[in-house]
Every structure is written in C-alpha cells, then in structure tokens.
Amino acid sequence: MKKRGIGIGSIFYGTGYGNGFPDVSKAVAQLKSDGKIAIYVGATEVGQGAKTALSQIAAEVLGLSVDDIVFINEDTSITPDSGTAAASRQTYNTGNAIKLACEKLKRDILEVAKDYLGLNSIVGLTLKNGYVYPKTLPEKRVSLGEISESLESSLKEEAVFTAQTTEMDEETGQGAPYWPYTFSACGVEVEVDTETGRVEIIRAVLAQDVGRAINPELIEGQIDGGFAMGAGYALYEDLKIEKGKIKNNSFTNYLIPTSLDMPDIEKVIIEDPESTAPYGAKGIGEPVMIPVAPAILNAIYDAVGVRMTEIPVTPEKLLKAIKEKEMTYNEGKN
Amino acid sequence: MRLNSIGKKIIRVDGLSKVKGKALYPQDIYMEGMLYGKTLRSSRPHAYINIDTSRAEKIDGVVKVFTYKDVPGKNCHGVLFKDHEVFCSERVRRVGDPIAFVVATNKKAVEEAIEVIDVNYEDIEAVFDPLEAMKEESVKIHGNSNIIYHYKLRKGDVEEAFKRCHVIVESEYKTPMVEHAFLQPEAGIAYTEDDGTIVVCASTQYPHFDQIEVAEALEVNKDKVKIINPAVGGAFGGREDITLQIHLAIAAKVTGRPVKAVYSREESFLAHSKRHSMIMRYKTGCNKDGKLLAMEAEIIGDTGAYASWAINVLRKAGVHATGPYEIPNVKVDSYAVYTNNPFAGAMRGFGATQVPIAHEQQMDMLSEKLNMDPVTFRLKNIFKKGSKTATGQVLEESVPIDRCIKEVADRIGITPLSERGGVV
C-alpha cells in the first residue's frame with residue numbers, strides 16, 4: 001500500500017567561525033587604468049557563487065554593473081587572506097570587507113574627481129555607470145577611465161572586517177558564540193510504499209531567511225542543492241564502514257539523489273535585513289540543507305506511524321520498522 | 001534603500017566558462033616535463049608499519065618514492081591539532097592513511113611501483129565504536145585519552161524543571177558518517193618558479209591556510225609558497241583539510257620538475273574527511289500548554305582517527321542542540337571522540353546538521369502527545385526578536401523563523417492533528 005504523510009523541520013544556524021576565534025576577512029579594491037574595478041580577496045569560489053555575489057556588493061557601492069568588476073581570488077601571492085570558504089561566512093565577512101574597501105575607494109575617486117572637475121567639495125557628487133558628476137549638473141562629468149589616466153599611481157584601498165564573536169564559559173557554555181544566526185524551515189510530503197519500504201518525496205517547500213538576498217537565483221540554486229544533500233542524508237547515503245573500512249567507496253553503491261529523486265521545490269526567500277551585514281545579507285550556504293532531513297523523517301512518521309531514529313532510512317530499515325509496528329499492533333488486538 | 005545590483009538575478013560570472021567546459025580545473029593542467037604522482041595508503045585501521053621502497057625505486061620510470069624521511073620540515077598538519085602526519089612514520093591509525101608518494105615519468109610506472117612498495121604491518125588492537133573508545137581501558141589513538149573535547153552547556157535547573165513537565169519524551173538518535181560527494185575529485189599540480197617559489201595549484205577551500213601548512217612541511221618562509229586555486233568542483237567542507245597539497249609540493253621541490261596527481265573517486269572517498277557520526281540521547285519536556293520547559297542532551301561525535309575540526313563541530317552541535325526554541329532549562333554535554341574510523345571534519349552544517357534529526361523529532365513527539373499540531377507547537381516556542389538562546393545570547397534583530405515556519409506550513413498544507421483524529 002502507498003501511504004502519504006507531511007512533515008516539517010525548522011532550524012537556526014550560527015554563521016562564522018564562532019567562540020571568539022578571530023573571524024577576519026581582508027579585501028583590496030583598485031581602480032584599473034581602463035576604469036574597471038579590481039577586487040582582490042582570498043575567498044574561494046567553490047561553486048557557491050562567491051565570485052558573483054561578492055562582485056554584486058562591489059558593483060552596488062561603486063554604482064557599476066557586475067561586468068565592470070574584475071574579481072581576483074585564485075592566487076595567494078596577490079590576494080589578501082579572507083579566511084576559509086566555509087561556515088557560511090564569505091557573503092557576510094568578505095562581503096563586509098569588500099563593501100568597506102569599495103567605500104574607501106569611492107571616497108578617493110570622488111576626491112580626485114572634485115579636483116579634475118574644478119569643484120570645491122565632494123558633497124553631492126554621484127558615482128554612477130562609470131562617471132562622476134554633481135547630482136545637480138550631470139553634464140559636468142568625468143569617467144573612471146579619465147580619472148585613472150590622470151593619476152600617476154592607481155587608486156587602491158584595503159579594508160579588514162572582523163566579525164563579533166565571544167568565547168563561551170568553559171563550565172556553563174554561556175556566551176555569544178556566533179553571529180549572525182540564519183533561520184529556515186522545510187516542509188515535505190512523502191509517499192511510503194509499505195511493501196517495499198521505499199520513500200518518495202512528492203512535494204517540498206523550503207523557506208530560507210537570508211537577511212537580504214544579494215542574488216535570488218543563487219539562493220534558489222543553494223536551496224536545490226541543499227535539499228538534495230539533505231534528502232540523501234535522510235534516505236540514501238551509507239558508507240557501510242566495517243572495521244574502519246569504507247565498503248561503499250564509489251557512486252556504484254554510495255547512493256546520492258539524482259535529479260529523478262528530486263521533487264520541484266517551492267522556494268521561499270524570507271528577507272529581514274541584518275544591520276551589521278553588507279546590505280543586510282546573511283550566509284545561507286549551510287542552513288539551506290539542515291531542515292530537510294528532519295522534515296522527511298517527520299513526514300515518514302505521519303505516513304506510516306513509525307519513528308525512524310537512525311538514518312539513512314533505507315527501504316530495509318523502514319520495512320523492518322513497519323513490520324514491527326504491525327506485529328505490536330496485532331498482538332495488542334489479540 | 002534603492003539598490004541597483006543587490007537583489008538582481010545576475011547570471012553567475014563564472015557560469016559560461018563552466019557550462020562550455022572551458023573552466024580550468026587542476027585536472028586540466030599539463031606542463032612540459034611533468035611527473036605523475038600517486039599515494040600509497042594504509043590498508044589497515046591501526047598498525048605499526050615498516051616500509052621498504054627499494055623494489056619500487058628500481059622500476060623503470062620511477063624518479064623517487066617519498067616517505068616520512070623525505071619531508072624537509074614538519075611531518076605533520078591539521079586545521080586545529082597537528083595530528084595528521086604528511087606520511088605515516090611508525091603507525092597508521094585508519095584505513096587510507098598516506099604512507100608513501102610515488103613519482104614517475106609515466107602513469108604505468110606509478111601504478112607498478114605502488115604495487116611493490118613493501119609495507120610490513122604489525123596490527124594493533126583497534127576501536128571503532130566511540131562508546132568503547134571513551135572507556136578508560138580502551139586502546140588510545142593519540143595521547144592518553146580518546147575524548148578530545150567535552151562541551152558543557154548549563155542553563156537553569158533541568159532536574160527541577162522536568163518535575164514540572166506535563167509531557168516528557170526521551171529517545172536516542174543515530175546519524176552516520178557521510179561523504180561530501182563533490183563532483184571534482186582532488187587533483188593538483190606543483191612546480192618551482194625561477195626564484196625558488198613553490199607553486200601548488202590545487203582545489204582547496206582556504207588557499208591562505210594551505211600556504212602556511214605547505215610552508216611548514218617544506219620548512220620555508222610562507223612567502224616562498226604560492227597556492228593557486230583554479231576552478232573548484234564543489235567542496236562542502238571536504239577541502240578544508242590538506243590532502244595532496246604537501247605531497248605535491250615536496251615532490252616538486254625535490255625533483256625540480258612539475259608533479260601532478262589526480263585522485264580516482266575511490267581514493268577521494270579515502271582521502272578527505274567525513275561528516276561526524278553522532279549518537280544523540282535527548283530528553284525534552286513541556287507543560288500542558290505546550291511550552292517547552294526543559295531539555296537534556298548527550299551527544300557523542302566520532303571524529304575517527306584525526307581531530308580535524310571535531311572540537312568546533314561538537315561545540316556547534318551543543319550550541320544548536322535546542323533547535324530554534326526558547327527553553328528555560330537546558331543541559332547539554334557533547335563529546336568528540338577518536339576511533340580508528342575514517343576521520344571526520346567539516347561538512348555543510350558542521351555539527352548543526354546532526355542535532356535537528358533529534359530535536360525536530362522530539363518536537364513532533366511532544367506535540368502529538370499534547371494532541372497539538374506540530375506547527376502550533378513550534379510557533380509557541382520559537383525564538384523571537386529579543387529571545388535568549390540557551391547560551392544566553394540575545395537575538396536582537398533579524399529573527400524571522402516565525403515567517404519561515406508559517407510560509408512552509410501554509411504551502412505544504414499542514415492539517416492540524418486534531419482534525420485528522422490523531423496519527424495512524
């Protein structure tokens with residue numbers, strides 16, 4: 001028989017290194033001779049979209065499009081240390097460092113433009129689409145390329161951002177270990193085949209707090225990927241470690257979800273900007289996957305009334321649990 | 001605030017090169033005169049070893065077989081404790097520990113040489129169950145105790161609070177070690193620049209930390225090491241710990257030629273960390289209105305043969321053990337334990353992924369006992385602006401968990417349990 005059930009899971013997640021460990025990101029912003037802006041950071045693009053999201057932060061500060069940002073993050077000899085691409089920290093930490101560096105660079109640019117245009121003050125100067133001009137007189141303008149050419153050495157600024165985190169008390173664990181926290185919830189509907197023990201995910205919703213979305217499409221991509229990883233964790237992934245040896249050591253027998261196992265996920269982006277974050281944006285790379293597995297487990301219970309306390313819930317395990325429950329039920333009847 | 005770039009669905013700047021197959025991964029890099037490297041790994045979980053590489057070195061095409069004797073600087077690395085050896089010197093502690101690195105002019109010679117390295121294993125008693133490993137009499141993996149960390153969280157008085165609870169649920173949960181399964185297995189190439197700088201080009205999550213660890217193993221100033229991080233095919237925490245970077249750097253420095261290595265999928269499974277498996281014993285109670293009053297949890301995390309990020313992971317598990325709920329009385333003890341299993345480290349969620357397997361089922365069990373639907377129950381207890389977490393941290397802004405839950409409940413269509421007459 002096929003039985004359906006619905007379940008939800010909700011979580012919070014502290015981003016950053018935590019517990020007082022110095023969480024530092026550095027960034028360099030430089031005006032290039034062609035008027036484009038180079039950003040140098042040690043933040044790795046691991047597929048999460050760091051190059052794009054962090055470029056958007058630089059573009060926003062400097063009134064440019066992402067095409068005018070040259071993002072360099074591949075070489076330790078020319079980039080500053082921006083910490084690891086982990087702990088969902090790059091958007092918040094390195095994003096803040098880039099924002100600070102670009103704000104400093106913007107001020108430098110305006111100062112040069114003021115002299116170039118023969119103005120008395122930088123007040124009311126606008127930097128937009130590669131030009132600087134008084135907002136009340138847009139015709140009087142100078143391009144970033146012209147500014148760069150007028151200088152003997154290029155304008156360059158570095159900024160450092162250090163997140164706030166405190167060490168917890170050793171005896172009581174009291175303290176403020178992480179900041180910011182990100183929140184999310186997931187809901188799924190599953191169909192359990194009570195004869196085979198197979199669980200199919202029919203529908204899914206995931207609502208993710210992001211502070212503010214830098215790039216909604218990248219967030220949606222993270223949700224899809226996170227859901228797949230969470231579903232694999234709940235239902236499939238088993239290394240079969242026997243006496244320290246991994247038996248399932250390739251994708252022949254270590255099963256991860258394929259696109260055929262994935263439902264269409266309804267993705268809800270919840271915005272509630274965080275004041276210490278760059279434009280309010282919080283890290284979401286990890287939290288997107290966390291509520292998925294518990295939602296599936298709760299849905300399985302809703303469908304067939306068995307509590308699966310050990311994952312992955314393979315068909316064998318679930319079938320056994322269903323049989324045991326039926327036996328207990330029948331014994332109760334007799 | 002009017003924003004021009006923030007909030008826009010801008011196409012990934014690295015997208016086109018990736019979909020067209022033009023993005024350069026370390027696998028794609030070939031250099032003139034380069035050598036091929038391959039790692040010999042332990043086949044035993046716990047043993048003393050003796051290595052004889054003489055037969056392997058005689059194979060045509062083999063340039064050198066590197067072992068612990070060939071590490072110029074520190075023969076160790078690790079993100080927190082330096083408990084990994086670059087090459088095992090006397091003892092292996094898990095299946096997959098690196099013992100030697102063969103470098104040859106062609107792949108065939110590399111494969112042949114790996115086969116004829118003689119490793120004499122003298123097995124030591126091994127421990128695979130973290131509960132066994134915690135016992136005083138257990139065989140020790142490193143030092144005097146297998147318990148490397150104990151996080152204690154204490155808030156209020158749980159014993160007294162449980163007495164006031166109308167409903168209490170208790171259960172034990174188990175989560176396994178799992179694999180990051182990133183698309184691109186580890187690969188890298190290392191070479192020397194004219195000024196003596198060692199360049200390691202490899203997929204990593206944290207190039208500036210790799211730079212320090214490579215420099216320490218080579219015993220050179222870190223300015224003489226350059227890490228180039230080309231396209232990375234996923235990481236999820238599995239590229240936090242060093243895998244092939246130091247092996248390649250030593251080989252390139254000693255041979256004076258570029259050296260490349262590409263792991264197979266099977267070797268990738270062996271080489272990098274896993275998610276910590278956890279045993280989580282939970283007791284949670286609430287009053288008859290559904291307000292959570294107390295929670296007690298004991299969490300045991302198996303970090304396998306090496307510490308990696310175990311301390312931080314079990315700390316994070318402990319801090320997040322309550323879930324996003326205000327509970328006035330909390331007692332959590334989390335432990336990180338060495339065993340002879342594959343080593344565990346960073347993986348997406350970092351300890352906070354395991355605990356919801358427990359706390360979210362506890363929430364549903366409590367709500368069912370109260371005959372309350374799981375959404376109503378959660379909304380009664382979740383963090384709000386101004387709430388304090390179990391560690392006493394004030395959540396003073398950006399706490400929209402209520403909106404997350406409501407959106408999900410509304411869209412997935414949670415019918416209150418009462419209307420369904422309870423669960424099957």
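Trainee: How is chain B divided into domains?
Mentor: In this predicted model, domain 1 takes in 33-123 + 181-271 of chain B, and domain 2 takes in 130-178 + 274-420. Their centres, taken over C-alpha atoms, lie 38 Å apart.

Trainee: How do you know that domain 1 of chain B is in contact with domain 2 of chain B?
Mentor: Contact asks for heavy atoms within 4.5 Å. By that rule, 18 residues of domain 1 of chain B touch 21 residues of domain 2 of chain B. About 1,800 Å² is buried between these two domains. On the domain 1 side, B:D83, B:R93 and B:F236 lose the most area, together 29% of what that side buries.

Trainee: How many salt bridges and polar contacts link domain 1 and domain 2 of chain B?
Mentor: The salt bridge count there is zero, while 14 residue pairs are in polar contact. The domain 1 side has seven nonpolar, four polar and seven charged residues.

Trainee: Okay, on to chain A. Why is the meeting of A:E171 and B:K152 called a salt bridge?
Mentor: Let's check the cut-off: a side-chain nitrogen of Lys or Arg must be within 4 Å of a carboxyl oxygen of Asp or Glu. The side chains of A:E171 and B:K152 come to 3.1 Å, N to O, so the pair fits the rule. Across the interface of chain B and chain A, the rule finds four salt bridges.

Trainee: What makes up the side of chain B that touches chain A?
Mentor: That side has 50 nonpolar, 29 polar and 31 charged residues. Chain B and chain A bury about 9,500 Å² between them, with 59% from carbon and sulfur atoms.

Technical notes
Residues are numbered from 1 along each chain as its sequence is written. Chains are lettered from A and ligands numbered from 1 in the order in which they are written. This is a predicted model: local features need pLDDT of at least 70, side-chain atom pairs count only at pLDDT 80 or more; totals for chains, interfaces and linings use all residues. Side-chain values use heavy atoms; hydrogens and water are left out. Domain bounds come from an automatic or database domain assignment. Buried area is the accessible area (1.4 Å probe) that two parts lose on being put together, summed over both. A polar contact is a pair of N or O atoms within 3.5 Å; within protein, one must be able to donate a hydrogen and the other to accept it, and residues adjacent in sequence count only if both atoms are side-chain atoms. Ala, Val, Leu, Ile, Met, Phe, Trp, Tyr, Cys and Pro count as nonpolar, Asp, Glu, Lys and Arg as charged, and the others, Gly among them, as polar.
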